[in-house]
Amino acid sequence: MSNSFDTSDVFSAANAASQPAWLKSWQAAGQSAFTAATLPTRKTEAWKYTPLKEVVAVPWQKHAETDFGEGIQFADWNEVSIRIENGKLNFHGELPAGVTLISSDDFSEAQAQSFIEKIEAQRGSFFFDSLNQGALDQGYWLKIDKNVQAAQPLHFNFLQAGSNSMVNTQLLIEVEPGANATVAETFTQVAGCVGFTNANTTIVVGENAHLTHYHLLLEQGESHHIGRVSAALERSARLTTFHMAIGGVLKRKDIAVVYRGEGAELSMNGVYLPTGNEVIDYHTSIDHAVPNCVSNQIFRGILGEQGKAVFNGRIHIHPHAQKSLADMNNRNLLLSPKAEIDTKPELEIYADDVRCAHGATIAQLDDNMLFYFLSRGISRAEAEVMLSFGFINELLDALSDEPVRLLLQPMLSELFAKGQADLTRHIP
Amino acid sequence: MLSIKNLQASVEEKQILKGLDLTINPGEVHAIMGPNGAGKSTLGNVLAGRDGYEVIGGSVDFHGEDLLELDAEERARKGLFLAFQYPVEIPGVSNMEFLKASVDAVRESKGLAPYTSVEFIKLAREKSKAVNLPADFLKRGVNEGFSGGEKKRNELLQMMLLEPSLCILDETDSGLDIDALQVVADGVNSQRSPDRSFIVVTHYQRLLDYIVPDYVHVLAGGKIVKSGGSELAKELEAHGYGWIEKETV
Ligand SMILES: Nc1ncnc2c1ncn2[C@@H]1O[C@H](COP(=O)(O)OP(=O)(O)O)[C@@H](O)[C@H]1O
Ligand SMILES: [Mg+2]
């Protein structure tokens with residue numbers, strides 16, 4: 001059986017590029033694995049609701065482009081902005097003390113081995129991983145040294161351009177014991193780009209370390225984004241992570257978190273807002289592999305028009321992982337009768353002394369809330385926008401970095417306004 | 001300003017209002033009392049235009065217009081205000097944004113320009129003070145985590161900002177201690193004027209010691225079964241509703 005997703009152009013381009021020998025051989029292994037694999041179909045459980053037909057029909061290529069635009073700019077955050085253009089690091093700035101960033105072009109032999117080991121240790125069986133490996137544009141290794149409190153937030157500004165442009169990236173974020181950092185990843189593509197990004201992020205949060213992480217999929221138009229975020233938490237580590245997906249043809253992100261030491265804490269929130277014919281699919285998986293860890297997950301979606309979303313939340317509590325606390329909540333607001341959501345908890349609980357709460361709801365706008373607006377003279381159209389915005393804004397309000405909130409709020413108002421500015425004049 | 005004739009309404013196929021008559025002139029304060037389940041909140045909801053409350057007979061004239069023909073938001077813009085018995089919580093929408101949206105909508109319908117943010121914040125702070133609601137409540141989600149009394153004061157705050165001509169207060173006193181009751185009563189009294197009328201729905205005579213009504217009506221079994229002056233409230237307090245129900249049988 002061979003893979004019906006023809007990526008030969010991309011693989012030839014990868015092979016023609018000048019890359020270090022270790023990467024060439026790692027790519028070769030990825031390419032043969034991908035070529036031998038079978039494309040998931042609607043019968044494959046993990047891809048049941050996510051159509052790949054359109055993605056695989058495009059003859060993807062690798063492009064050398066020059067105009068990537070600005071991508072995302074935060075206001076008043078004092079962040080270090082690190083541009084990644086069609087998968088290539090373009091950064092000449094300065095990093096805060098105790099923070100290092102190297103691209104795979106500059107890895108030593110030992111670093112290359114260690115990088116591969118760390119990436120492979122946190123992999124599951126994601127179909128697109130071997131493509132990522134086989135056509136990898138570049139890997140980047142961000143390290144926050146032991147006990148360092150990174151003085152500035154680090155922003156990975158992923159930019160994409162070109163027509164039928166495929167990009168494969170792998171970011172490794174390593175927060176050493178006792179360190180503390182904030183990392184934002186934003187993904188955009190320039191107007192007119194037809195793009196496919198296959199972006200992987202691998203995170204290791206060391207003992208007593210804390211990472212605040214944003215993973216924001218903001219590509220519009222003819223964009224396809226598939227990929228994984230995979231995090232491992234050591235003893236008493238904390239990961240606070242926020243995900244967002246708006247726009248584009250298809251977005252699919254699999255987020256896996258595994259606990260390697262006791263007393264670790266995860267707070268993971270996310271929002272997705274498909275409209276038009278957009279499809280957004282989040283698969284999360286939390287592995288309580290050791291006792292005494294906490295996970296809190298809140299994902300909210302608003303689905304307009306023919307928008308479609310999937311939220312699949314897996315929680316696995318291993319037999320000896322006593323005193324695990326796992327909380328997962330997924331709420332969805334359907335603004336149109338044609339919108340569709342598939343939400344599914346997958347609980348595998350093998351320990352008895354644990355608390356696991358989960359809930360999923362699918363609703364229209366609340367009539368009581370709507371009437372409250374009307375009874376105060378506010379038009380139904382404006383009330384719907386304010387209520388929808390409020391539903392998502394609850395999670396934005398909880399973000400610890402105000403510049404991130406201030407970046408995202410106007411994007412949401414624009415999304416809800418659909419060109420009618422008077423409907424959004426009372427939201428931030 | 002308001003003339004209700006033979007109003008009949010049902011909720012979920014069940015008739016609740018069974019021929020209710022009530023006329024209110026500008027500047028008057030009418031108290032409506034009555035046992036639980038009599039239909040007091042239903043009357044408020046029907047007047048405010050809530051979905052699911054079906055009018056099956058009768059008429060309501062408000063400032064010379066057929067009120068029942070108007071959408072809920074139009075009624076509010078034309079000066080009708082209902083202070084809810086159980087105000088809903090709306091997390092994620094700040095009280096300030098909500099208040100401004102509402103005041104702008106009502107002003108716009110009168111051909112007035114919206115307030116600037118600065119003007120509005122000043123006004124909202126001023127009015128919050130008048131109802132003894134700390135200013136930081138303006139930044140919180142609408143009614144989010146407010147106590148019962150705080151929610152009621154937030155209703156009053158909205159009333160003061162919207163300057164309606166008819167205020168329907170649905171048990172705005174319930175669940176309040178005596179100090180909070182005083183605040184609510186002061187708020188209402190400060191808004192009394194020759195062209196503003198009130199319907200004060202209450203369970204207890206207590207509130208009417210502070211807000212002295214021009215008329216007291218007893219609503220039972222879906223109609224007004226007895227009307228009188230403010231002394232009627234005292235009789236009700238002393239004897240309960242039983243004697244009226246007997247009298248009308
Ligand atoms: N939304 C509703 N759905 C079903 N029944 C209702 C609803 N609102 C009111 N009712 C019924 O109508 C009757 C009158 O209720 P209500 O107007 O709330 O009385 P009051 O405010 O006088 O206590 C009660 O029997 C109540 O159960
Ligand atoms: Mg009631």
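**Ligand sites in chain B and local features of chain A**

In chain B, a polar side-chain atom of Thr42(B) lies 2.5 Å from an oxygen atom of ligand 1, a separation inside the limit for a polar contact, which is a pair of N or O atoms within 3.5 Å (within protein, one must be able to donate a hydrogen and the other to accept it, and residues adjacent in sequence count only if both atoms are side-chain atoms). Of the 550 Å² of accessible area that ligand 1 has on its own, the protein covers 66%, where accessible areas come from the Shrake-Rupley method with a 1.4 Å probe and, for residues, only the protein chains shown count as cover. The model is predicted, so that local features need pLDDT of at least 70 and side-chain atom pairs count only at pLDDT 80 or more, whereas totals for chains, interfaces and linings use all residues. Residues are numbered from 1 along each chain as its sequence is written, chains are lettered from A and ligands numbered from 1 in the order in which they are written, and side-chain values use heavy atoms, with hydrogens and water left out.

Ligand 1 is surrounded by 13 residues, the closest being Gly37(B), Gly39(B), Lys40(B), Ser41(B) and Thr42(B); a residue is counted as near if one of its heavy atoms lies within 4 Å. Backbone N or O atoms also approach oxygen atoms of the ligand, at 2.8 Å for Gly37(B) and at 2.8 Å for Lys40(B). Strand β2 (14-24) and helix α1 of chain B each supply at least two residues of this shell, and α1(B) gives the most, with 3 residues. Helices (H or I, at least four residues) and strands (E, at least two) are DSSP runs, numbered from the N terminus.

The magnesium ion (ligand 2) has as its protein donors Ser41(B), through OG, and Gln85(B), through OE1, at 2.1 to 2.3 Å. Donors are N, O and S atoms within 2.8 Å of the metal (3.2 Å for Na, K and Ca), and because water is not among the atoms, sites may look incomplete. Ser41(B) belongs to helix α1 (residues 40-48), while Gln85(B), 44 residues apart from Ser41(B), is in the loop between β6 (80-83) and β7 (90-94). Ser41(B) is partly exposed, with a relative accessible area of 23%, whereas Gln85(B) is buried at 15% (buried means under 20% relative accessible area, exposed over 50%, partly exposed in between, with a 1.4 Å probe and protein chains only).

In chain A, helix α6 (residues 367-374) is mostly covered, with 6 of its 8 residues buried, among them Met369(A), Phe371(A) and Leu374(A). At the start of α6(A), a side-chain oxygen of Asp366(A) reaches to within 2.9 Å of the backbone nitrogen of Asn368(A). Asp281(A), in strand β14 (residues 279-288), is buried with a relative accessible area of 1%, and its side chain makes a polar contact of 2.3 Å with the side chain of Thr50(A).

Most residues other than glycine have a negative phi. Asn208(A), however, has a positive phi of about 60 degrees and is found in the loop between β8 (195-205) and β9 (210-217). Ser236(A) likewise has a positive phi, near 55 degrees, in the loop between β10 (223-233) and β11 (238-246), and is partly exposed at 31% relative accessibility.
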